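Please work through the exercises below with the sequence and the coordinates at hand. Each task is followed by a solution in steps.

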Amino acid sequence: MTEAGHEGSAADFAVTLTELHRSYGSVHALDGLSWQAATGRITAVLGPNGAGKTTAVECAVGLGRPDRGVVRVLGADPAEADADHRAKVGVMLQTGGLPGGSKPMRLLDHLSRFYAAPADVGATARRLGVVDFAGTTIRRLSGGQKQRLALAAALLGRPEVLFLDEPAAGLDPHGRLEVWDIIRALRDEGTTVVVTTHSFEEAERLADHLVIMNAGRTVAEGSLDSVTGGRSLEDVYFGLTTRGRA
Ligand SMILES: Nc1ncnc2c1ncn2[C@@H]1O[C@H](COP(=O)(O)OP(=O)(O)OP(=O)(O)O)[C@@H](O)[C@H]1O
């Protein structure tokens, strides 16, 4: 198991979080959090409810600012970065924010107009299987269909760095395999992917680099093998984490 090591140049690590603190009242959501995501690799971030995963991603995409600490994404501070930088960063948050009254293709068309050089909407919709439910109003979609749509939306800007919050949650087994294949294909095309997850299987299947968070801090970071040291990921996780506080 390794401590959060911060070696290598900025080009090696598309995302670097260093000693982040963020509090909501008396809750220390981030309490000295540090981890890195290597460029062109998949980083999986595991941690119990309330560990601070979403808060960390919000800081990394510029939706929130830490009270203290340094965030660098593609060499820039996302809270200060310009539109060009933001266009290079994609994010799929949990699906609650999709507009219920719209239809999938209309939403993707609309979102694609925010980008100077968007991905092809039809090709993106086909890749995620959105065309299969293109005529259904978003509020009537199943959880898995919403998940595919949210992932398609996150790909429209052809991001260099992609943050995915529980991308396979709610998907059936076929759907999960398909989404994992897409994530690996994106990595193979050079995209840096950060996946937050509660699934050991997802972490084991996807992670080139693994981060385990607990109570706002990193408690393990490294390759799957270096983190587990021959034990099961589940055993390591339960040994390092405590029940969520959310
Ligand atoms: N806007 C907010 N106001 C108050 N407390 C918040 C807010 N956002 C997060 N928190 C608290 O900060 C802590 C970390 O929350 P966060 O959502 O980052 O955890 P998480 O690891 O993403 O959890 P989950 O696995 O449930 O998604 C929790 O205790 C949460 O209740």
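The exercises that follow concern a predicted model.

**Exercise 1. Helix length**

Task: Compare the expected span of helix α6 (residues 173–188) with the distance between its end C-alpha atoms.

Solution. Step 1: Helix α6 has 16 residues, and the expected span is 1.5 Å times one less than that number. Step 2: This gives an expected span of 22 Å. Step 3: The end C-alpha atoms of α6 are 23 Å apart, which agrees with the expectation.

**Exercise 2. The two sides of α6**

Task: Determine which residues of α6 are buried, how they are arranged about the helix axis, and which elements they pack against.

Solution. Step 1: A residue counts as buried if 20 or more other C-beta atoms lie within 10 Å of its own; in α6 this applies to R176, V179, I183 and L186. Step 2: Viewed down the axis of α6, these buried residues fall within an arc of 85°, so they line one face of the helix. Step 3: The face turned away from the buried side carries the exposed residues P173, H174, D181, A185 and D188. Step 4: The packing partners of the buried residues are the strands β3 (42–46), β6 (161–165) and β7 (192–197), together with the helices α5 (143–155) and α7 (200–206). Step 5: Just after α6, G190 adopts a positive phi of about 110°.

**Exercise 3. The buried face of α3**

Task: Carry out the analysis of buried residues for helix α3 (residues 104–112).

Solution. Step 1: The buried residues of α3 are P104, L107 and L108. Step 2: Seen down the axis of α3, they fall within an arc of 95° and so line one face of the helix. Step 3: These buried residues pack against α4 (121–127) and α5.

**Exercise 4. The nonpolar core**

Task: State how many residues the largest nonpolar core has and which of them have the most contacts inside it.

Solution. Step 1: The largest nonpolar core has 63 residues. Step 2: Those with the most contacts inside this core are V15, A44, A60, A152, V195 and I212. Step 3: Helix α5 supplies the largest share of the core, seven residues. Step 4: Leaving aside residues up to four places away in sequence, A152 touches L108, T124, A125, L128 and V130.

**Exercise 5. The shell around the ligand**

Task: Describe the residues around the ligand by proximity, by element and by chemical class.

Solution. Step 1: There are 13 residues around the ligand, of which Y24, A29, N49, T54 and T55 come nearest. Step 2: The elements giving two or more residues to this shell are β2 (27–38) and α1 (53–60). Step 3: The most comes from α1, with three residues. Step 4: By class, the shell has five nonpolar, six polar and two charged residues.

**Exercise 6. Positive phi outside glycine**

Task: Locate E19 and L74, and give the backbone phi and degree of exposure for each.

Solution. Step 1: Most residues other than glycine have a negative phi. Step 2: E19, in strand β1 (residues 13–24), has a positive phi of about 50° although it is not a glycine. Step 3: E19 has 15 other C-beta atoms within 10 Å and is therefore partly exposed. Step 4: L74, in the loop between β4 and α2 (83–87), has a positive phi near 50°. Step 5: L74 counts as partly exposed because it has 18 C-beta neighbours inside 10 Å.

Conventions. Residues are numbered from 1 along each chain as its sequence is written. This is a predicted model: local features need pLDDT of at least 70, side-chain atom pairs count only at pLDDT 80 or more; totals for chains, interfaces and linings use all residues. Helices (H or I, at least four residues) and strands (E, at least two) are DSSP runs, numbered from the N terminus. A residue is buried if 20 or more other C-beta atoms lie within 10 Å of its own, exposed if 12 or fewer, and partly exposed in between; C-beta atoms are placed from the backbone. The arc is that of the directions from the helix axis to the C-beta atoms. Two residues are in contact if their C-beta atoms, placed from the backbone, lie within 7 Å. A residue is near a molecule or strand if its C-beta atom, placed from the backbone, lies within 6 Å of it. Ala, Val, Leu, Ile, Met, Phe, Trp, Tyr, Cys and Pro count as nonpolar, Asp, Glu, Lys and Arg as charged, and the others, Gly among them, as polar. A nonpolar core is a set of buried Ala, Val, Leu, Ile, Met, Phe, Trp, Tyr and Cys residues joined through C-beta atoms within 7 Å.
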